[in-house]
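Me: I would like a close look at one part of this structure, the largest nonpolar core, and at what lies around it. Please explain each term as it comes up.

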Amino acid sequence: MVDESKNIELTEDDLENKSKGQLIKMAGQLRDRRNELNQMASERASKRDDLNAKTREKVDKAQEHREKRDELNEQVQEHKESRNELNAEANELFDKVEQLKSDMELDEGKDLEELEEEIEQLEFKQQTEVLSSEDEKELIEKIESKREEYEERKQKLDQNEDLEELVEEAEEVRSEASQHHQEVTELADKAQEHHNQMIEAYREADDIRDEADEMHEKFVEAQEAADRHHEDFVRVQKRLRELDKKEEEERKSERDKKKEEAKEEAEEIYQKFKEGETLDTEDLMKLQKTGLL
């Protein structure tokens with residue numbers, strides 16, 4: 001803020017009633033304070049401009065993050081569309097797989113791995129447990145039955161290359177969809193990061209702009225005070241010129257008065273000279289000054 005106590009106040013009474021010497025002193029004070037305030041205003045303007053430049057830098061940085069965020073979001077949308085299309089395609093392929101399995105009656109009963117595990121468990125039981133002849137025979141028949149079931153299902157699967165190819169194709173499409181989903185996740189995270197940085201840059205720009213606005217108010221305050229002092233300085237200078245002019249007019253008037261008095265005195269002396277009176281040296285000099293001799 002401007003220190004008001006250092007300001008110079010000029011009133012109409014000062015202009016009208018202060019002496020010329022006092023006004024000259026006041027003019028100097030007004031000039032010095034004006035220069036001091038102009039310097040203060042210049043410094044504040046410079047600080048304001050620096051802050052405005054920093055504000056623009058932050059806004060530009062925020063805009064860069066905005067553009068990058070939007071670019072990433074476009075990529076996210078593209079990968080989402082690709083992912084959704086591939087997932088839809090994979091779903092169709094898996095539906096065909098299930099339909100084909102149903103047609104082959106492979107969707108009923110146990111899969112090969114489960115059958116293989118059951119056979120191993122039964123064989124282990126046969127090898128490690130003491131069984132009666134009847135129980136062992138029953139166990140052997142059960143093992144054979146499981147083996148037949150296993151071979152039958154395996155044969156159906158082996159014979160159907162279309163199913164394997166369809167499963168492989170479906171899994172490849174699903175894998176590709178997963179890759180796009182991974183891209184969606186990674187790009188969305190990056191877009192969010194740029195969004196956060198954009199928000200932070202705008203927040204910093206607002207804070208700096210507030211500082212710049214405050215500094216501008218201080219600049220205006222100092223400049224207006226400087227302008228007031230300059231105006232008062234000009235008023236004092238004008239008053240001093242008026243006083244100078246008045247003094248000159250008074251001096252001229254005094255000179256004219258003395259000149260007129262000298263002329264009248266010289267005419268009286270000249271009249272005496274014409275009348276035959278004797279003139280002394282001083283009288284002769286007066287006549288010479290007025291041009292009458």
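Reply: Two residues are in contact when heavy atoms of theirs lie within 4.5 Å. In that sense Ala27 touches Phe233, Val236 and Gln237, leaving out residues up to four places away in sequence. The model is a predicted one, in which local features need pLDDT of at least 70, side-chain atom pairs count only at pLDDT 80 or more, and totals for chains, interfaces and linings use all residues. Residues are numbered from 1 along each chain as its sequence is written, and side-chain values use heavy atoms, with hydrogens and water left out.

Ala27, Phe233 and Val236 belong to the largest nonpolar core. A nonpolar core is a set of buried Ala, Val, Leu, Ile, Met, Phe, Trp, Tyr and Cys residues joined through side-chain atoms within 4.5 Å. Buried means under 20% relative accessible area, exposed means over 50%, and partly exposed lies in between (1.4 Å probe, protein chains only). The core has eleven residues in all: Ile8, Leu10, Leu15, Leu23, Met26, Ala27, Leu30, Phe233, Val236, Leu240 and Leu243. At least two of these residues come from helix H2 (20-103), and at least two from helix H5 (161-274). Helices here are DSSP runs (H or I, at least four residues), as strands are (E, at least two), numbered from the N terminus. In soluble globular proteins, nonpolar side chains tend to be buried together.

Asp232 is found in helix H5. With a relative accessibility of 14%, Asp232 counts as buried. Apart from residues up to four places away in sequence, Asp232 touches Ile8, Leu10 and Leu30, and these three are listed in the core. Asp232 and Glu141 are 91 residues apart in sequence, and their C-alpha atoms are 124 Å apart in space.

Phe233, a member of the core, also has a charged partner: Arg34 lies over the face of its ring, at 5.1 Å from the ring centre. A charge sits over a ring if NZ of Lys or CZ of Arg is within 6 Å of the ring centre and within 35 degrees of the ring normal. Another such case is Arg48, whose charged end sits over the ring of Phe219, 4.8 Å from its centre.

Helix H5 also contains His180. This residue counts as buried, because His180 has 17% relative accessibility. Setting aside neighbours within four places in sequence, His180 is in contact with His79, Ser82, Arg83 and Leu86.
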